[in-house]
Amino acid sequence: MYIHQISVFVENKAGNLAKLTNFLADKNVNLRALEVSDAGDYGIIRLIVDHPITTLTVLKDNNWVCNLTEVIGVKFPDEPGSMAKTVTMLADAGISVEYCYAFLAKKSNDALMIFRVQDNDKVATILKKNGIKIIAQEDLENI
């Protein structure tokens with residue numbers, strides 16, 4: 001029901017993002033979304049890919065420090081106010097969003113958003129109840 005996100009931990013220095021993305025390209029990994037966070041001397045590169053388990057294995061087998069996290073993926077119309085409506089629902093329910101990032105669907109005019117929260121099930125229930133579509137890992141190939 002959720003999306004698998006890969007977090008790769010890299011030293012915060014010039015060229016490491018290029019090194020990672022070239023490595024993934026060489027392994028024929030299709031990046032659907034990417035988010036980079038600075039954490040002082042190190043950074044976290046969060047990836048949404050079509051085949052996360054295979055990608056995680058390839059990364060670990062090649063000495064990349066990484067892990068897998070289940071995150072909530074949602075789909076809503078790519079129009080002003082859609083994101084505000086969604087995060088307001090969460091705020092009104094007392095949900096704290098640890099981080100989020102967005103990307104566009106390839107086959108529709110929808111926006112897709114990734115949320116990292118403490119309780120995926122609770123958030124999924126709130127969003128579904130309010131008409132927000134939750135997307136699963138397998139949905140990524142068709143949106």
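**Close-ups of a predicted αβ chain**

Read from the N terminus onward, the chain runs β-α-β-β-α-β-α-β-β-α-β. This is a predicted model, where local features need pLDDT of at least 70, side-chain atom pairs count only at pLDDT 80 or more, and totals for chains, interfaces and linings use all residues. Residues are numbered from 1 along each chain as its sequence is written, and side-chain values use heavy atoms, with hydrogens and water left out.

**View 1. The whole chain, before zooming in.** Four helices and seven strands make up the pattern; these are DSSP runs (helices H or I, at least four residues; strands E, at least two), numbered from the N terminus. Along the principal axes, the C-alpha atoms fill a box of roughly 45 × 35 × 25 Å. The radius of gyration is 16 Å, which agrees with the value near 15 Å for a compact globule of 143 residues; it is taken over C-alpha atoms, and the globule rule is 2.2 Å times the number of residues to the power 0.38. Some 45% of the 143 residues count as buried, meaning under 20% relative accessible area, while exposed is over 50% and partly exposed is in between (1.4 Å probe, protein chains only). Among contacts (heavy atoms within 4.5 Å) with a separation of 6 or more, 71% come from residues 24 or more positions apart. The accessible surface is about 7,800 Å², and 48% of that belongs to carbon and sulfur atoms; areas come from the Shrake-Rupley method with a 1.4 Å probe, and for residues only the protein chains shown count as cover. As for charge, the mean positions of the 15 positive and 18 negative charges are 3 Å apart. Lys and Arg count as positive and Asp and Glu as negative, with His and the chain ends not counted; each charge is placed at NZ of Lys, CZ of Arg, CG of Asp or CD of Glu.

**View 2. Helix H4 and its two sides.** Helix H4 spans residues 120-129, and its buried residues are Asn120, Val123, Ala124, Ile126 and Leu127. They sit on the same side of H4, because they cover an arc of only 165 degrees around the axis; the arc is that of the directions from the helix axis to the C-beta atoms. Over on the other side, Asp121, Thr125 and Lys129 are exposed. The partners of the buried residues are strand S4 (65-77), helix H3 (82-92) and strand S7 (133-135).

**View 3. Asn120, a buried residue of H4.** Asn120 belongs to helix H4 and has 12% relative accessibility, so it counts as buried. Leaving out residues up to four places away in sequence, Asn120 touches Tyr2, Glu70, Val71 and Ile72.

**View 4. Helix H2 and what covers it.** On H2, the residues tucked away as buried are Pro52, Thr55, Leu56 and Leu59. Their arc around the axis is only 100 degrees, which puts them on the same side of H2. Thr54 and Asp61, on the other side, are exposed. The cover over the buried residues includes strand S1 (3-11), H1, strand S3 (42-49) and S4.

**View 5. Two asparagines with positive phi.** Most residues other than glycine have a negative phi. Asn63, though, has a phi near 65 degrees, and this residue comes after H2, in the loop between helix H2 (52-61) and S4. With 70% relative accessibility, Asn63 counts as exposed. Asn28 is not a glycine either, yet its phi is positive at about 60 degrees. Look for Asn28 in the loop between helix H1 (16-26) and strand S2 (31-39); it too is exposed, with 70% relative accessibility.

**View 6. Leu68 on strand S4.** Leu68 is partly exposed, with a relative accessible area of 31%. Its C-alpha lies 6.3 Å from that of His4, although the two are 64 residues apart in sequence. Setting aside neighbours within four places in sequence, Leu68 is in contact with His4, Gln5, Ile6, Pro52, Ile53 and Leu56.

**View 7. Glu35 in strand S2.** At 16% relative accessibility, Glu35 counts as buried. Residues up to four places away aside, Glu35 touches Ile44, Ile45, Arg46 and Tyr101. Ala105, 70 residues apart from Glu35 along the chain, has its C-alpha atom 16 Å from that of Glu35.
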